[in-house]
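Here are a few friendly notes to read alongside the model. Please keep the 3D view open as you go through them.

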Amino acid sequence: MSHCQQAYDLLAAQLTDRGVDVEAVKAKLKAQHIETPSWGYADSGTRFKTFKQAGAAITIEEKLADAAMVHKVTGVCPTVAVHVLWDFKGDNISDVCAYADSLGVKIGAINPTLFQEDCYLGGSITNVDPKVRRHVVQHMLDSIEIGKQAGSDLLSLWFADGTNYPGQGDFRARKHWATECLQEVYAALPPGMRMLVEYKLFEPGFYHTDIADWGMAYVLCQHCGPQAEVLVDLGHHARGVNIEHIVSFLLDEGRLGGFHFNDARYADDDLTTGSVNPYQVFLIYCELVKAGELARNVAYMIDQSHGEKPKLEAMIQTVMSIQTAYAKALCVDYQRLAEAQASGNIVDAENTLIRAFNTDVEPLLCQVRVEMGLDPDPLAAYRASGYQARIEAERGIRESGGGLG
Ligand code: AFD
Ligand code: MN
Ligand code: MN
């Protein structure tokens, strides 16, 4: 019997003794769907320099091939978020979709590119010039059409709109312009497509950001309608903000559209998920597990474009970290938690969470992967595949073709 199997058998017995339905937990882990971002496979860097990695993807075909490789070794990443101006040049949509299908992946969220044209220096949906607002609305309408052709049901919007100096912009005028633009785009959504409005505390605007927090995103969604929901990017909050509370509040309101997973130490650092604060990711997943059906439409997407770690290894590491958080959250004794909360027993309530968080769920995840016909260690499987050496040889080091870098 393999070490993996022995460890799993022991853990399964322990979890069963704790009242955990191990088969149900494994089924949920097998059904997990984590979307990777096309831009996570391309070169990126800092505000000061884009660092080139040998083998980094440039074309959408290369990005899809890399994403398909991550899906091949993890089994839970069947869709790829795309950025319209970086990934679609003209009318290659059906070719891109056909190529994705041939690789066993599909196009996921459509991200219009709302911050990389000169005309956006003074903002996009909040620009004082109606011609710029017209231009950005048209780009979002065009992106909806791309989504329709790609079979995507998510339009994911992040605006870099903000100002750097007091007096530079009129907050309420900008709010009205933003609302009008989003309402026009919303009206063009086909049934079944959701518009996710992402917020961010600051950057590139340092004095104010027009959609700075979950509340502003929520209000803009309310002004649009039920197909508009909030996108929570873990790196987009002030340090110390209780993100799991925001998540549970939005879930309760039916307005949590999805996540951009990453980690951060200071700001929007786009570090690999769980590398700084794995307990936060676990606590977020506890709210999602407790919410049950309320969380049925949540889109779990990664948003990282790592400049130091090898691209695909960083993506696989993030996927495994998210799987671990979910597995641990599924091991919480929620009945005991509720009882402890009801009786005001803080220590017992906290300990139900700590006990699950301290559970080594690796044997459970290994067993899930084996039952899915996968190598129990996705990172080892990737390294043994020779894929990295192949793309480095084929692609070499190249000038990046546009992206976050
Ligand atoms: C940047 C932005 C935001 C957006 C992402 C992809 O901060 O998170 O979702 O780029 O466009 O990270
Ligand atoms: Mn994001
Ligand atoms: Mn970001």
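1. Start with two residues: histidine 236 and aspartate 268 are both buried. Do keep in mind throughout that this is a predicted model.

2. Next, see what this pair does at the metal. His236 (through NE2) and Asp268 (through OD, listed twice) are the protein donors of the manganese ion (ligand 3), at 2.3 to 2.8 Å from the ion. The two residues come from distant parts of the chain, 32 residues apart. Histidine 236 sits in the loop between β10 (228-233) and α9 (243-252), while aspartate 268 belongs to the loop between β11 (256-261) and α10 (278-291).

3. What is the site of the manganese ion (ligand 3) like? The site is irregular, with six donor atoms and angles of 50 to 156° among them. Octahedral would require every angle between donors that are not opposite to lie between 65 and 115 degrees.

4. A second metal is worth finding too: the manganese ion (ligand 2) is 3.9 Å from the manganese ion (ligand 3).

5. Now turn to ligand 1. Around ligand 1 there are 13 residues, the closest being His83, Glu198, Lys200, Asp268 and Asp303. This shell is made up of six charged, four nonpolar and three polar residues.

6. Finally, look at the oxygen atoms of ligand 1. One lies 2.8 Å from a side-chain N or O atom of lysine 200; for histidine 236 the corresponding distance is 3.0 Å, and for histidine 260 it is 3.2 Å. Of the 300 Å² of accessible area that ligand 1 has on its own, the protein covers 96%.

Definitions and conventions:
Residues numbered from 1 in each chain as written. Chains lettered and ligands numbered in written order. Predicted model: local features only at pLDDT ≥ 70, side-chain atom pairs only at ≥ 80, totals over all residues. Heavy atoms only, no water. Donors = N, O, S within 2.8 Å, 3.2 Å for Na, K, Ca; no water. Tetrahedral: all angles 85-135°; square planar, octahedral: opposite > 155°, others 65-115°. Helix = DSSP H or I, 4+ residues; strand = E, 2+ residues; numbered from the N terminus. Buried < 20%, exposed > 50% of the residue type's maximum accessible area, 1.4 Å probe, protein only. Near = heavy atom within 4 Å. Polar contact = N/O pair within 3.5 Å; in protein donor to acceptor, adjacent residues only side chain to side chain. Areas by Shrake-Rupley, 256 points an atom, 1.4 Å probe, with all protein chains shown as cover. Nonpolar A, V, L, I, M, F, W, Y, C, P; charged D, E, K, R; others polar.
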